[in-house]
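Hi,

Here is the structure I promised to pass on. Have a look at it first, and then read my notes underneath.

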Amino acid sequence: MKLDFSDSACLLVTHGSRDPRPQIALDHLVKLMADDGDRGTASPSLIGTGQLELAPDPLHQQILRFAQLAADRGKTRVQILPLFLLAGVHVMEDIPAEVNLARLALRESFDPVQEPNLAIEILPYAGQYQDFWKLLIHPVDEIGASLAGKILLAHGSRRMAANQAIVEIAAQIEATPAFWSVAPDLESQVMSQIKQGCRAIQILPYFLFEGGITDAIEQQVQRFSQQFPEVRFKLARPIGATQALADFLMTLIR
């Protein structure tokens with residue numbers, strides 16, 4: 001039986017960036033998700049985007065505007081889908097706090113005797129779903145032999161418990177975990193693998209879209225190549241706004 005999503009709207013929430021590329025990719029992703037409905041598959045007829053940081057307005061105001069738009073179009077439910085990979089502070093604290101502010105503002109925007117016929121709910125963050133990471137890791141070409149190493153690089157969180165997910169994913173693909181913002185970092189793990197005798201190292205970035213951080217990772221890998229010319233480095237790319245990611249997100253929404 002096909003589910004009816006005609007009463008729902010979905011807001012994809014990202015961290016936000018000064019680099020325009022993540023938002024461009026996100027806009028394309030929304031188009032791919034909307035095209036899912038054009039192919040005859042049930043999907044929300046209203047999909048939007050919001051940024052937790054680096055946006056002109058705080059997230060709760062973005063949610064409120066989207067909720068009011070949804071209500072004007074006859075929707076009774078707004079789903080907030082955090083496009084985050086780890087259960088860090090943003091997912092566990094910041095986004096729920098902003099959603100609560102939006103709910104309060106939504107109630108206050110109606111007549112005191114009238115309850116808004118619109119529910120705002122938070123879906124589990126994208127990276128929580130089993131095997132979601134498989135969409136984000138592009139294996140690079142085989143580099144070889146018994147002297148090859150592999151590093152799974154994620155942003156990391158100051159909520160150390162959140163980083164355990166990366167350790168577990170790395171174990172599944174026989175990789176060494178590394179983090180951009182917390183220890184152990186990429187450089188220390190590269191040095192460790194070289195000391196173990198690795199002469200070829202794959203680096204798999206666990207990021208959604210290209211941006212400032214992925215540029216910095218690429219520059220660091222180039223420095224490694226210059227510093228260790230005897231070691232071959234292969235850097236994979238983030239997944240980007242692919243049809244596979246759009247389909248996966250539509251599955252989560254359903």
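Below is what I found when I went through it, going from the whole chain to the details.

Before anything else, keep in mind that this is a predicted model. The protein has 254 residues, and 48% of them are buried. Its secondary structure comes to 8 helices and 8 strands. Taking contacts between residues at least 6 apart in sequence, 80% join residues at least 24 apart. About 12600 Å² of the protein is exposed, with carbon and sulfur atoms supplying 52% of that.

Now the sheets. One is an open sheet of 4 strands, in the order β2-β1-β3-β4, and the pairing is parallel. Its edges are β2 (47–51) and β4 (119–122), each of which pairs on one side only. On average, neighbouring strands here are turned by 25 degrees against each other, ignoring direction. If you want a place to look, go to β3 (residues 77–82): 4 bridges join this strand to β4, and R77 stands opposite A119 of β4.

There is also an open sheet of 4 strands with the order β6-β5-β7-β8, again with parallel pairing. Because β6 (176–179) and β8 (232–235) each have a single partner strand, one side of each is left without a neighbour in the sheet. The average turn between neighbouring strands of this sheet is 25 degrees, direction ignored. Between β5 and β7, which run parallel, there are 7 bridges. I151 is found opposite I203 in β7.

Which helices go with those strands? Helix α5 lies across β5, β6 and β7, and runs at about 145 degrees to β6. Helix α7 packs on the sheet too, touching β5, β7 and β8, and its direction makes about 170 degrees with that of β8.

While you are at α7 (residues 212–227), find T214, which lies in this helix. Is T214 buried or exposed? T214 counts as buried, because its relative accessibility is 8% and the cut-off for buried is under 20%. Neighbours within four places in sequence aside, T214 is in contact with F207, F209 and P238.

On to the packing inside. The largest nonpolar core has 42 residues, and the members touching the most others are L29, Y206 and L249. Two or more residues each come from β1 (8–14), α1 (20–38), α4 (133–136), β5 (148–154), α5 (164–172), β7 (200–206) and α8 (243–253). What does L29 touch, leaving aside its neighbours within four places in sequence? The contacts of L29 are L83, F209, A241, T242, L245, A246 and L249. A second core, separate from that one, has 23 residues, including A9, V13, F66 and L106.

Last, the cysteines, in case you were wondering about them. Searching the whole structure turned up 0 disulfides. C10 is buried, since its relative accessible area is 0%. C198 has a relative accessible area of 8%, so C198 is buried as well.

If you only have a minute with the model, I'd start at L29 in the largest nonpolar core, then go over to T214 in α7.

Cheers

Terms used: Residues numbered from 1 in each chain as written. Predicted model: local features only at pLDDT ≥ 70, side-chain atom pairs only at ≥ 80, totals over all residues. Heavy atoms only, no water. Core = buried A, V, L, I, M, F, W, Y, C linked by side-chain atoms within 4.5 Å. Buried < 20%, exposed > 50% of the residue type's maximum accessible area, 1.4 Å probe, protein only. Contact = heavy atoms within 4.5 Å. Pairing = 2+ DSSP bridges. Axes fitted to C-alpha atoms, helices over the stretch in contact; angles between N-to-C directions. Areas by Shrake-Rupley, 256 points an atom, 1.4 Å probe, with all protein chains shown as cover. Disulfide = S-S within 2.5 Å.
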